[in-house]
Amino acid sequence: YDWVAVAGYLWAAMPSVGVAALTTAAAAALAVVNDGNVAPGVGSIGGSGTSSTAFSVPLQRRGYNLPWPQSWQSGARMAVPPGCEGAELQHAMQFLNHTFDDVELHVSRDALIGFLGAVLEPPPFGREGALRLVVLPGLPGSLQIALTLLGLGLLDAEHAAASLGGGGGATSHTTTSGSSRGEDGVVRLPLPGRSLEDFVAPHFVSLARLHFGLGRWGDLSALSHSELEGHMLWQSADELRRFQHHEACGDNFGVIEHRGALVNVLHGYATNYYHFITEQVPILLAVQGELTWLPQERVVVLYLGQPWQAEYARLAGFDGSQLLDYNPCKLYRADFVYTGAVPDSKAAEMLLQTRALALPSGFGTVPSFAPLKSNSDVPSSQRGLPPCYEQDDGTPIQPRSAVLLLSRQCTGGVSATACSDGPVERGRNLDNFDEVVEAVRHALPLKQGFAHCTFRAEEHAVAAQASHFEAADVVIGIIGAGLANLLFMRPGSIVVALHPARPRVSFSVYSSRCGQSYFWHMAAQLGLRFWALLCPELSVF
């Protein structure tokens, strides 16, 4: 089947329903980051004109700039790393959406939410018939769900290829197999023979184990990336692993009804910190503006139950009573189900809104954004360094520069201080982290004004993560979700990223071997200096 065409449909753009509101603070910060212009670069796309947001803050359209990453390997700086032809940058640019102020919100009436945030519609008016899977164009989560259902045999491959790979344009139509495509591009795929009980997490886990011959209690974490990818299950691997120890639902299965609106942030790699803060937090902000017509108690957010997700939801304006912790044995039905996507999650306009939630005071004046090296009158000590930046005896210091070193070291086990992050176990593990720390301390010594802090991001609340990154003049760490916090750094600060550099290693559309990643992209948009240290011994997975 033409899976390229299927994937292309799922990623296709569609008109936005809602508009993300850019706060005044974020707009002010953008002006500082952008300084009114963008220098031309290898990967620059021009733009002009003015747009307005829901808060009527005018935004000057700007060129979209992605300069080639500054890369080093074995101590030598490289204009273009070996094995990189220079076309990788343009390849990445082809996949970007260059409109910055829109958020796509899809509303499904009387729908249900299952595992992975799958949007399901029962037959209307209680009629007999099959469930329908709602496939939303432009939403990465729809690709994740469709591939997972295909891999587990819950969705007919021939039917899906015929329905999703055939284009469709702007007109609505119904196929002979019963699927339909609306004028908005949404496809509804019938799921004959499937019941609501099929869409709970333990059932997905059971099917995955059966698929790989692992028996009833086999460990899904033992499967390699290539095994999972070969069976179209890599997209949902983290979610499957998260619930693999949950017992079968049995009598605990049920449907939780909500009268009003339900915001679906299970959709689209919900276990991942990077994807949540860059893709789901802007959705939460947009929905707040869309749902002012409903009383607060009629609006709930369905999330995976991770504390940092709840913290971001509260920062976005949702009360704790509005947060609905996902139960893996339940489905959720609401009058209105809101599922969203951000066309360009790395655009500064989106990232700065998220930053403003955790660091509202950080947008007050230009000096607070000034790079330390260009403003010697503002030492790090005057920015209120977190206690982590102290001498060995606990005495606070007054350095000129603050260096944050991110720990990503797997020491065995499953505790929060060991291997809590799956990719650590699968290839991006810094075994010699202690040696790296000592080398940095030697190169950037305290006596020359450098304060150091070793930091494991997932052990801290969002506010603490934000304050540690905001205080840092230099952040050093291996590529991983913790680096998503670079959105809290001040423009002009430096990100030193240890990049997996095995041949043909890639992050989505980015070539890691060439120093490209989500974080390079984010840094370029936020006015940060990004240095990629290429590590041939590291792999992404």
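# A walk through the salt bridges and disulfides

Start by selecting Asp 473, which is buried at a relative accessible area of 6%. Keep in mind throughout that this is a predicted model.

Now add Arg 490 to the selection. How exposed or buried is Arg 490? Arg 490 counts as buried, with 0% relative accessibility. Show both side chains and put a distance label between them: Asp 473 and Arg 490 meet in a salt bridge, 2.9 Å from N to O. Asp 473 sits in the loop between helix H14 (462-471) and strand S18 (474-478), and Arg 490 in the loop between S18 and strand S19 (494-500), so the bridge ties together parts that are 17 residues apart in sequence. For your next pick, select Glu 121, Arg 132 and Arg 188: salt bridges with shared partners join these residues into one network.

**Zoom out for a moment**

Colour by secondary structure and you'll have 15 helices and 22 strands in the chain. Of its 541 residues, 57% are buried. If you switch on a contact map, look away from the diagonal: among contacts with a separation of 6 or more, 70% are between residues 24 or more positions apart. Bring up the surface, and about 22,500 Å² of it is exposed, with carbon and sulfur atoms supplying 52%.

Now recolour by pLDDT. The chain's mean is 75, and 70% of the residues reach 70 or more. Select 167-171 first: the pLDDT there is below 50, and the stretch has six contacts in the model beyond near neighbours in sequence. Then try 411-426, where the pLDDT is also below 50. That second stretch has 33 contacts beyond near neighbours in sequence.

**Strands S12 and S15**

How many salt bridges are there in total? The count comes to seven. Two of them can be viewed by selecting strands S12 and S15.

Begin with Arg 333 and Glu 257, whose side chains meet in a salt bridge at 3.1 Å, N to O. Arg 333 belongs to strand S15 and Glu 257 to strand S12, so to speak a link between distant parts of the chain, 76 residues apart. Turn on the surface again here: Arg 333 is partly exposed, with a relative accessible area of 23%. Glu 257 is partly exposed too, at 46%.

Next, select Arg 259 and Asp 335. Their side chains form a salt bridge as well, 2.9 Å from N to O. Arg 259 is in strand S12 and Asp 335 in strand S15, and this pair also links distant parts of the chain, 76 residues apart. Is Asp 335 buried or exposed? Asp 335 is buried, with a relative accessible area of 16%.

**The disulfides**

Show the cysteines as sticks. Searching the whole structure turns up two disulfides.

Pick Cys 249 and Cys 329, which form a disulfide with their sulfur atoms 2.2 Å apart. Which hand does this disulfide have? The torsion about the S-S bond of Cys 249 and Cys 329 is about -95 degrees, so the disulfide is left-handed. Trace the backbone from each end: Cys 249 lies in the loop between H8 and strand S12 (254-264), while Cys 329 lies in the loop between strand S14 (323-325) and strand S15 (330-341). The pair links distant parts of the chain, 80 residues apart. Both Cys 249 and Cys 329 are buried.

Move over to Cys 388 and Cys 453, joined by a disulfide with an S to S distance of 1.8 Å. Here the torsion about the S-S bond is about 105 degrees, so the disulfide of Cys 388 and Cys 453 is right-handed. Cys 388 is in the loop between helix H11 (348-358) and strand S16 (401-406), and Cys 453 is in strand S17 (residues 450-455), so the pair ties together parts that are 65 residues apart in sequence. Check the exposure at each end. Cys 388 is partly exposed, with a relative accessible area of 29%, whereas Cys 453 is buried at 1%.

While the cysteines are still on screen, click on Cys 535. Cys 535 is buried, with a relative accessible area of 10%.

**Last stop: Glu 239**

Finish in helix H8 (residues 237-242), where you'll find Glu 239. Which side chain of opposite charge is nearest to Glu 239? Arg 241 is, at 8.5 Å, and Glu 239 is buried yet has no salt bridge. To view the surroundings, leave out residues up to four places away in sequence and show what Glu 239 touches: Phe 115, Leu 116, Gln 144, Tyr 269, Ala 270 and Thr 271.

Technical notes:
Residues numbered from 1 in each chain as written. Heavy atoms only, no water. Helix = DSSP H or I, 4+ residues; strand = E, 2+ residues; numbered from the N terminus. Buried < 20%, exposed > 50% of the residue type's maximum accessible area, 1.4 Å probe, protein only. Lys, Arg positive; Asp, Glu negative; His and termini not counted. Salt bridge = Lys/Arg side-chain N within 4 Å of Asp/Glu carboxyl O. Contact = heavy atoms within 4.5 Å. pLDDT = per-residue confidence, 0-100. Disulfide = S-S within 2.5 Å. Areas by Shrake-Rupley, 256 points an atom, 1.4 Å probe, with all protein chains shown as cover.
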